[in-house]
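Reader: I'd like to learn how to read a sheet and a cavity in a model. Can you walk me through one?

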Amino acid sequence: MTSSEDLYAISADWLRSLEVASSTGDSKSFVSHFLSDGWFRDLLCLSWDFRTLSGSEKIHGFLSEVVDGKPRLEHSGLHDFKLDDHTANALSPFKLPGPQDIEGVQGAFTFTIAKPAALGRGFFRLTQDANGKWKALTLFTNMQDLVGHEESSADQHGLYEGRKFTWEEDVDAQFRAIEADPTVLIVGGGQSGLTSAARLRRLGIRALVIEKNARVGDSWRQRYPSLKLHTPAYQSSMLYSPYPTNFPNYIPKGKLANFIDSYAVNQELCIWYSSSLVSTPVYDSSSARWTVEIQRGDRKVFVHPKYLVLATGSGSPYTPTWNGMDEFQGPLYHSDFHKNAEQFRGKRVVVVGAGNAGADICQDFVAHGATEKGKVTMVQRSATCVITSTTAEKTHFRLPLPDSAPIEEVDFHNNSMPLALLLQLNMAGWTQHMKMLDKEFHDGLRKAGFNLTWELSPGSGEVGLEGFLFTRQASGTMIDIGCGKLIIEGKVKIKQGHEISHFDKDGITFKDGSKLSADVIVIATGNEPIMKTARALLGNEITDRLLPQEVMGLDSEGEVNQTYRPSGHPGLWFASGGFVFSRFFSKRLGLQILARELGVE
């Protein structure tokens, strides 16, 4: 690769030319700065939505759309482009995997948006075209702040002359103001809801959280004892508050619950506990407010927020229905309700489901006495995408920047890559590389009868773990933290290849006539779609207006459906996804709500 001086000259020349095209509203010239098959991802700079365009024609069409009588590029007025030399995302060479490695220069830059008055930050990846000219493989533009309403990072309770209130009095006054007139009502006090509330607070927006449990973190405490995060601590940190350095790399659920509980206190979030929606919220279009009835402890309360954010988690437990389930004479329950494997010591256990939850449950049973071969059987109904935690850390969870880089810089870097391009790179060879790292492990699983896949459907291409994460909310995946070894050793037996026919008093019969006898059966089949939860809370009239009719999953451009973006119904938003997703996109949610409050959206 060329020298650092050359990298700077290449990038500076390209960025200077791009700014001329942007500031003059010249869409054709702007597009000429891309490879013919280049990618453009825009978050809130050129539209109040998340967009990803691939190819010159689509990018030009987007930029040329008329907004308030002007082409979109001219209307938004992106200008004052400057290389961002003083952050972890400063200029550097890059290489992307594929049949032929793609090399070039990448880096961050800042810019100003004319309408609305806002500050932006972008990221480019430049490579040479067939004629040796430097063009953008990817360009990412992202709104950072609305001018005059920048996100606060200052200590609001620091010492200063003339302070008349204590910290406790100040927080109490803020809470009373929020409770009297919340601008935003967030339903759900899990990590997505808390992250959104913390972000909104820093943007000066009054947010009230209602949580059905008596304590924040109870949704984690109430799950099976062996549960721990399957992603490393540095990837799963909470907004503004990384975990202590002496935390385990994979955090147990109880420790996580306690941390989230303390997070709510330390971020000074206004939360009503033991609170839930009583009836279907009603939206008044004339006042642009909701009427929401809440059961708060032993009394009913009405609030009238402008915005309703559903942060209700991954959906209620999903249990398929098979004939004869009510005839089974032993315990039969969903994995969400697994509490104590010890009580089944020495029993014959069948776990239906071969994803992360099913693996955790099998591992728990073996750890608590079901150590004889054949005592624990996992029923695999379809092939599973499996990666070891060691390989996942090397390939998926590795920091693309130095270890000292703030997690915000890591999030920015990761989100600069269009998701659809990432899946293409996986199919082009990166998934194959990851499979090779786990080859011995995968061979052992296959020998034990476990069925593996890296495709969402046969012949569709090996999108790998990311494909399952983004399109299926990780359904059908296993990030292995120990169960795979038990399968290979025969301590967890695999039953796959035949569909379940029915249950009876002794166990499960399959369509080929084979049978599994069991003393206890655990159904580890995931969760219902989030939209089903939304319909139960909001009713059909509101839910039928939502487009698309899916939360999470990818749209035709490769952006995540519904979450943190316009829902199709005024004043209604969804906050969902893992720690990484919520940490980054909570800012995008806050900016959209703030823009509406300021009347600049």
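Author: Sure, and keep in mind that this is a predicted model. Start with the sheet: five strands make up an open sheet, ordered E12-E11-E10-E17-E28, with parallel pairing.

Reader: Which strands stand at the edges?

Author: Look for a strand with a single partner. Here those are strand E12 (270-272) and strand E28 (572-574), so each has one side left without a neighbour in the sheet. As for twist, neighbouring strands of this sheet are turned by 25° against each other on average, ignoring direction.

Reader: How many bridges join strand E10 to strand E11?

Author: Pairing is read from bridges. Strand E10 (residues 184-187) and strand E11 (residues 207-210) run parallel and are joined by four bridges. To find one on screen, go to Val-184, whose bridge partner in E11 is Ala-207.

Reader: And what does helix H6 touch?

Author: Helix H6 (residues 191-202) packs on the sheet, where it touches E10, E11 and E12. Compare directions too: that of H6 makes about 160° with that of E10.

Reader: On to cavities. How many are there of 30 Å³ or more?

Author: A cavity is a space where the probe fits but cannot get out. The count at that cut-off is one, and the largest cavity holds about 80 Å³ of space.

Reader: Which residues line the largest cavity?

Author: There are 13, and Val-386, Ile-387, His-396, Met-434 and Trp-454 lie nearest its centre. Strand E21 (385-388), helix H12 (419-437) and helix H14 (464-472) each give two or more residues to this lining. By class, the lining has six nonpolar, five polar and two charged residues.

Key. Residues numbered from 1 in each chain as written. Predicted model: local features only at pLDDT ≥ 70, side-chain atom pairs only at ≥ 80, totals over all residues. Heavy atoms only, no water. 1 Å grid on protein atoms, 1.4 Å probe; cavity = no way out; pocket = protein on both sides within 12 Å on 5 of 7 lines; lining within 4 Å. Points joined across faces, edges and corners; volume = space filled by probe spheres on them. Nonpolar A, V, L, I, M, F, W, Y, C, P; charged D, E, K, R; others polar. Pairing = 2+ DSSP bridges. Axes fitted to C-alpha atoms, helices over the stretch in contact; angles between N-to-C directions. Contact = heavy atoms within 4.5 Å.
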